[in-house]
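Me: I've got a model open on my screen and I'd like to walk through it strand by strand. Can you help me?

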Amino acid sequence: MISFLIVAVLCTSCLAAPMISYCYSPSVGGGSGTSFSTEGGNGTITAIRVWENSGSYITGIQVRNGAIWETIVQVSGKYDSNYVYQMYVVTSRGRFLVVGQPTALSFNFYPVDPKAELILLSGRFNGAGITSLGAHWDVTMDQN
């Protein structure tokens, strides 16, 4: 009887525990300048546009949301202590975008939960370019 009671309490506590799907990929880069964050509006980033200084570093990032046919599931690239030099963005359908120069140190951002997707990019810029970048992931309502 006591063992039944213990099992019942454990099962109930497991059901009551919230599922944590949010995770943060810590920022890379030197981090000088003004902070920024950008999101897709409804929590899901479905498109991304990246600008670069020709043959050099990333100068800007724009995101938007739309119909959710595919989401961003990985952001990789290159950085050093001054700028983010390259971004490699992968979608849930296996498509990818590569912008910038493959120089310096590597980073690879991806969610812990396989159902999660990119909901926000944050970092710093100094007027000339992006100096640091971090990624925020979560399972959105459409994925639950």
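Me: Let's begin with Val98: which strand does Val98 lie in?
Reply: Bear in mind that this is a predicted model. If you find Val98 in the chain, you land in a strand, and that strand is E7.

Me: And is Val98 buried, partly exposed or exposed?
Reply: Buried would need a relative accessible area under 20%, and exposed one over 50%. Val98 comes out at 40%, so the label is partly exposed.

Me: Which residues form a nonpolar patch on the surface with Val98?
Reply: The patch has about 280 Å² of accessible area, taking its members together. Besides Val98, its members are Tyr88 and Phe96.

Me: What is the order of the strands in the open sheet of four?
Reply: The pairing in this sheet is antiparallel. Strands E7 (96–100) and E8 (105–109) each have a single partner strand, so they stand at the edges, and one side of each is left without a neighbour in the sheet. On average, neighbouring strands here are turned by 10° against each other, ignoring direction. Read across, the order is E7-E6-E5-E8.

Me: How many bridges are there between E6 and E7?
Reply: E6 covers residues 84–91 and pairs with E7 in the antiparallel sense. Within this pair, Val90 stands opposite Phe96. The count of bridges is five.

Me: Val90 also turns up among the contacts of Thr71. Is Thr71 buried or exposed?
Reply: Thr71 sits in the loop between strand E4 (58–64) and strand E5 (72–79). Leaving out residues up to four places away in sequence, Thr71 touches Thr44, Ile45, Val90, Thr91, Ser92 and Glu117. Its relative accessible area is 6%, and the cut-off is under 20%, so Thr71 is buried.

Me: Now to E9: how many of its nine residues are buried?
Reply: Strand E9 spans residues 117–125 and is mostly covered. The number of buried residues is seven.

Me: What is the bridge partner of Ser35 in E9?
Reply: Strand E2 (residues 34–39) and E9 run antiparallel and are joined by six bridges. For Ser35, the partner in E9 is Arg124.

Me: Which residue in the turn between E9 and E10 has a positive phi?
Reply: E9 and E10 (residues 130–138) pair in the antiparallel sense over eight bridges, and one bridge joins Phe125 to Ile130. The two strands form a hairpin with four residues between them. The residue in the turn with a positive phi, about 95°, is Gly127.

Notes: Residues are numbered from 1 along each chain as its sequence is written. This is a predicted model: local features need pLDDT of at least 70, side-chain atom pairs count only at pLDDT 80 or more; totals for chains, interfaces and linings use all residues. Side-chain values use heavy atoms; hydrogens and water are left out. Buried means under 20% relative accessible area, exposed over 50%, partly exposed in between (1.4 Å probe, protein chains only). Contact means heavy atoms within 4.5 Å. Two strands pair if DSSP finds at least two bridges between them. Axes are lines fitted to C-alpha atoms, for helices over the stretch in contact, and angles run from 0 to 180 degrees between N-to-C directions. Patches are made of residues with over 30% relative accessible area and no salt bridge: like charges are joined within 9 Å, nonpolar side chains (Val, Leu, Ile, Met, Phe, Trp, Tyr) within 5 Å. Accessible areas come from the Shrake-Rupley method with a 1.4 Å probe; for residues, only the protein chains shown count as cover. A salt bridge is a side-chain nitrogen of Lys or Arg within 4 Å of a carboxyl oxygen of Asp or Glu.
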